[in-house]
Amino acid sequence: MFAYGRSNFTWNGTLRELQGSWTERRGPAMTASASSSSGLEVLLSALQSGGDVESTLNILNVLDELLSAGTDRRIHYMISKGGSEALLIALVNAGRSFSPNYTILLPLLHLLAKVGHRDRRIGMKAEEAGAVLLTLNLLRHNAQHSSRAAACLWAIQVFCSSVSTANLIGANHGLDVIYGLIPQYSTKHPHTIKAAIDAFAALLCTKANVSSVVSKGYVSGLLRLYEDWHSKGSEHVAIRHGLLRCLHKVTHSTAGRQAVLCQGGIRLLYETTQTCLLSKGLESLVELSVQLMRKCLPKIPLPLTSDQSAYTFPLPGGPHAVPETDAEPDESSDESDDDDDAEDKPEADYDDDLETDLNKLRLRPDPDRPKELLPQYSRLCPELSHDFQELDLSSEPDESSTASSSSSSDEEAVRLNSFPFRCSRRDRRRSTAHSDSETEAKGHTAAVGQLEARDFHSHSSLLSTSPHFRTVVREARGKAPTGQRGDEQDDEEVDAEESHHRTMIDKLLERHGACIPHHDPKLYRAAAAKTISIPGFSILAFPDFWGHLPPPGHEPMAPRKPNIQRQKVFEDVRRFLNADDIIDQVVFDLEDSSLQCPSDSLRFFSKFECGNLRKAVQVRRYEYDLILNADANCNQHTQWFYFEVSNMVADVPYRFNVINCEKSNSQFNYGMQPVLYSVREALEGRPHWLRTGTEICYFRNHFCPARGRKRTTFYTLTFTITFKHNEDVCYMAYHYPHTYSALKAHLKVLQKSVDPAKVFFQQQNLCGTLAGNWCPVVTITACPASRGWRDMHQLRNRPCIVLTGRVHPGESNASWMMKGTLEFLCSSDPVAQSLREAFVFKLIPMLNPDGVINGTNRCDLNSEDLNRQWSKPDPVLSPTIYHAKGFLYYLNSIGRIPLVFCDYHGHSRKKNVFLYGCSLKETLWQSGSVVNTAGLKEDPGYRTIPKTLDRLAPAFSFNSCNYLVEKSRSATARVVVWREMGVLRSYTMESTHNGCDQGIYKGLQIGTRELQEMGVKFCHSLLSLTKDTKALYSRRINYIDVDHNVLDHKSHNCFEDDEPPCVEEIEYSTDCPTLKGTDLDSDVNSNMASSDEEDEGDEGNRRARHGRGSVGQLQQSSTKSRLFPHPMRQVSSEALSEKRNCVSINGQIIS
């Protein structure tokens, strides 16, 4: 019947052979149709019109043979030509007869299952053709015939891709019919049983069907079926997998999860999973069971009285006059932290988020304030008004030092005191719970003296001989002035402390001699005494007081133990199943200072600067749940933690679970570890924050908000720590802490360290914060060689570099980079000297002091992200941003637009260090804008610093940088400074909390040494912006401390910087695994083979058996044809065996 005389098999060639019989029966019209249409269309038309059995089977045979070879492209081509509709019409025509011919129906149903699985609209098409209920009726009538029932079930399965179709089947009792076909364990007809389970799972794609299944009690039946097949049918993995898929679909609804829970489903799944763990071949069952248990664990509210933060602050309300900038005498010990735009949000849908409005990208908006307010910021440019008289007094170094490094001249102090901001600030302080009336300096000196012996919370065994010595400092807030005195008063306080009777801490310092570069514990204590916090902190954390040294070596990323998350989930499930074994005792509560914890429990504490731990609950003997405090005045942003733990037993693994994390993924899944500081180790000469912890993973848990917050998803960070010493006092943190008081003390040390004849270092106060702390701004540049006109002119025309940081309190790595920048710029390094001679540096190290002090993660006390306030900052609620922007406006107004603006940040989800910049053209290109960019001019200089850093800094990744302007970040510092101030090189510098995946630091976690180095390298990169770059490099480049390998460092491809999916599923997905098309094809083929065997047994036709064997040898595809009776398959297969891998349809080759 078939002829294949050409080199390639063609459908038209087949049609010419077949056309004779059709022409005889249908006349010339059919001939015309065949000549004017493609071969495929003729075949489909003939199939719909319905001929004799032989012709129909021949057409189905040709279609199946062609579609079984090659790829899915052939099937999709057939679908595009109306193949699904043709098959459905043929099915309806064949199935409507009083006595259906299953010789045709079976091949039709099998081919329809294969094609329909690739057709997204097959359900709707089946409804329109009337094939849905017809197939369901065929199933009812053939429930006892396994091969026919299986064919109907696969068709129903593909029809359920449409929700309306699934509902139609459910409404016509299809669920009952199919559920009745799923028996207890049986060795008969496994393919039909699996087909019934898969069809039942497919029907559960709708809420109505799920509700029906739950109401009819089928959930209990599914669980018993799974238990029976698990205990008896260990070899039938596919059937057990299908039953788990049904349970997954059912548990999409709350009622379904409740039904599984009430019927003992979690215990059943847990017990069966434990036996499955013994066999590697059952991994798919284990993973599906674990996800199902996680989904069905009951939601447990966090054990809190309120979702609101434990820290509340009364915000100023009502109309307010615009506050002026800092009206107090500057304090060189006051700290400033930098704010930056930590662009942590998922980076999908970039194209939709990109700014495409050319006017918004090109045109500068009007200033947000009158120009008359800008002159107040002139005081923040002291290098323009300073007369440098000390240059003529080289014989009087003391006076020179006083003149060049004091935080403010007397004249400026008088002028600053004239501003009214002091009064409004004092009024706000008076409204806080922790502030009292101001007292004299004498009273404050006494209070500081009392602080000395009571600075630490739990260090009894280390700091005294009394084993139960626990001290709580009397509040010094009312006796301490609110940070308004100048440096001279600070020095008097320090002198008074030193003259005071020797205390325990003084003896401790003498005995152990803490010696940390650029750190003075006494200065830190003095700075901390004046720091204002919401709860009125009166305890110092030992690491902040004592100081930190980087460990001698690098710390590699922690390897992830295989299936560690699964192990932790099993422990959590056992916690639910065996509730009697759980201690469940609160051992620390930030809101309950009277709480007494058991003598054998760990002791926790977090009521100190930067601390964050709200509650600790002992779960088991060596396991604790930890709950973090939300940002002040709000109920979210939980990520940062920093707390003290003591009373531990050495060499015992303790498990800690931070149970109210909010981000959907974390670097803790990719090798990151928390940091730990041991007091005992520090006293033995090893004052290090160390990466620590094993069995670390981060995954979604079953906790929910305490009072019905909309956010219902929490994640657990779990890690295990084995302490080295008994009765040690340790501190644990998300990342290396860096406090506001540390910044203040650091600036004072730097001020004293610089050579005033060479370095102009002046610290001033930008403004007061909501709580009444000062936000410092630092000016660093080189002193002029003389007071001559030329030298003074050069000084006052140096371009400005503006650096800010720590706008997000939880990004302490930003402060460590800023620390490196500050120390380098104040050093005697020749490159630093060159930079000071070329630029004037304006640094605001900490834009969010209040957030840092009170241990928040993202926001200020106003519960707002300050890095989303730059467009129109509120002068009362966001004073640091308002005045930082005002200062930039002022620089712009006097023609000193910053050459570079960079905001230091930390990134919680990526590795390496990288920059975000702004480019008009790149944004338009990436967004696919229709704007013709050929005529747009843009200086490519915004790439200079990233390219230089890529060669200089081993932690830097150029390929992780981008320069796109997103709508969602239009109010960030980077974008606003670029758009409104016209700063070409406006950046956010993002540093990982984890480590690097490229360069010489690949596989290593980043430490404070590397972070400070990054701050230094950023300064080095600024050399590329000097006017005489070549001369400067030839004079200074030899002093840059990098070797040839680092200079030649190149970043990896940008796609490698983004993390791959976690090796274990973080979420317990609402979507269970779907069947693949190849799996369905395999099931269909296997079913037809078994059907053939039944037929052969009935007929006893040995010749037919031989023909079927030859077909088996010819067909090698996973979707090989099994649709037709074996004699017909033999004929067509012999004809197709030569040229089946390259098929031409009217000249179009489809493989």
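## Two helices side by side: H10 and H13

Contact here means that heavy atoms lie within 4.5 Å of each other. With that in mind, let's take a walk through this predicted model, starting with a pair of helices.

Seven residues of H10 take part in its contact with H13, and here is who they are: Ser-146, Ser-147, Ala-149, Ala-150, Leu-153, Trp-154 and Gln-157. On the H13 side they meet His-191, Thr-192, Ala-195, Ala-196, Asp-198, Ala-199 and Ala-202. Sorted by class, this contact has eight nonpolar residues, five polar ones and one charged one.

How do the two helices lie against each other? The axes of H10 (residues 146-159) and H13 (residues 190-203) come within 9 Å and cross at roughly 25°. Angles under 35 degrees count as roughly parallel, so H10 is roughly parallel to H13. Their crossing is left-handed.

## A second pair: H18 and H19

Further along the chain, helix H18 (residues 265-276) packs with helix H19 (residues 283-296) at an angle of about 155°, and their axes are 10 Å apart. Anything over 145 degrees counts as roughly antiparallel, and H18 and H19 are therefore roughly antiparallel to each other. This crossing, too, is left-handed.

H18 brings Ile-266, Leu-269, Tyr-270, Thr-273 and Cys-276 to the contact. From H19 come Leu-285, Val-286, Ser-289, Leu-292, Met-293 and Cys-296. By class, the contact of H18 with H19 has nine nonpolar and two polar residues, with no charged ones.

## The five-stranded sheet

Now to the strands. Five of them form an open sheet in the order S5-S8-S15-S10-S11, with antiparallel pairing. Strand S5 (603-605) and strand S11 (689-691) stand at the edges with a single partner strand each, so one side of each has no neighbour in the sheet. On average, neighbouring strands here are turned by 30° against each other, direction ignored.

At the S5 edge, three bridges join S5 to strand S8 (residues 642-646), and the two run antiparallel. If you would like a spot to look at there, Phe-605 stands opposite Glu-644 in S8.

## The seven-stranded sheet and helix H36

Another open sheet has seven strands, in the order S16-S17-S19-S18-S20-S22-S21, and its pairing is mixed. Which strands stand at the edges? They are S16 (759-768) and S21, each with a single partner strand, so one side of each is left without a neighbour in the sheet. Neighbouring strands of this sheet are turned by 20° against each other on average, direction ignored.

Within this sheet, strand S18 (residues 800-805) pairs with S20 in the parallel sense over five bridges. Val-802 stands opposite Phe-901 in S20. Helix H36 (residues 812-825) lies across strand S17 (774-782), S18, strand S19 (840-844), S20 and S22, and runs at about 140° to S20.

## A covered helix: H42

Helix H42 (residues 973-981) is mostly covered, with nine of its nine residues buried. Those residues are Ala-973, Arg-974, Val-975, Val-976, Val-977, Trp-978, Arg-979, Glu-980 and Met-981.

What covers them? The cover includes three helices, namely H21 (358-362), H39 (879-893) and H40 (920-927). It also includes strands S20 (900-907), S21 (913-916) and S22 (985-992). After H42 comes Gly-982, whose phi is positive, near 75°.

## A buried loop residue: Gln-667

Gln-667 lies in the loop between strand S9 (653-661) and strand S10 (675-678). Is Gln-667 buried or exposed? Buried means under 20% relative accessible area, so Gln-667, at 1% relative accessibility, counts as buried.

Leaving aside neighbours within four places in sequence, Gln-667 is in contact with Met-672, Ser-908, Arg-909, Lys-910, Lys-911, Asn-994 and Glu-1059. The C-alpha atoms of Gln-667 and Gly-995 are separated by 9.2 Å, although these residues are 328 residues apart along the chain.

## The chain as a whole

Stepping back, the chain has 49 helices and 25 strands. It has 1151 residues, of which 61% count as buried. Among the contacts in the chain with a separation of 6 or more, residues 24 or more positions apart account for 81%.

Key:
Residues numbered from 1 in each chain as written. Predicted model: local features only at pLDDT ≥ 70, side-chain atom pairs only at ≥ 80, totals over all residues. Heavy atoms only, no water. Axes fitted to C-alpha atoms, helices over the stretch in contact; angles between N-to-C directions. Helix = DSSP H or I, 4+ residues; strand = E, 2+ residues; numbered from the N terminus. Parallel < 35°, antiparallel > 145°, perpendicular 65-115°, else oblique. Left-handed = near helix turned anticlockwise from the far one by under 90°. Nonpolar A, V, L, I, M, F, W, Y, C, P; charged D, E, K, R; others polar. Buried < 20%, exposed > 50% of the residue type's maximum accessible area, 1.4 Å probe, protein only. Pairing = 2+ DSSP bridges.
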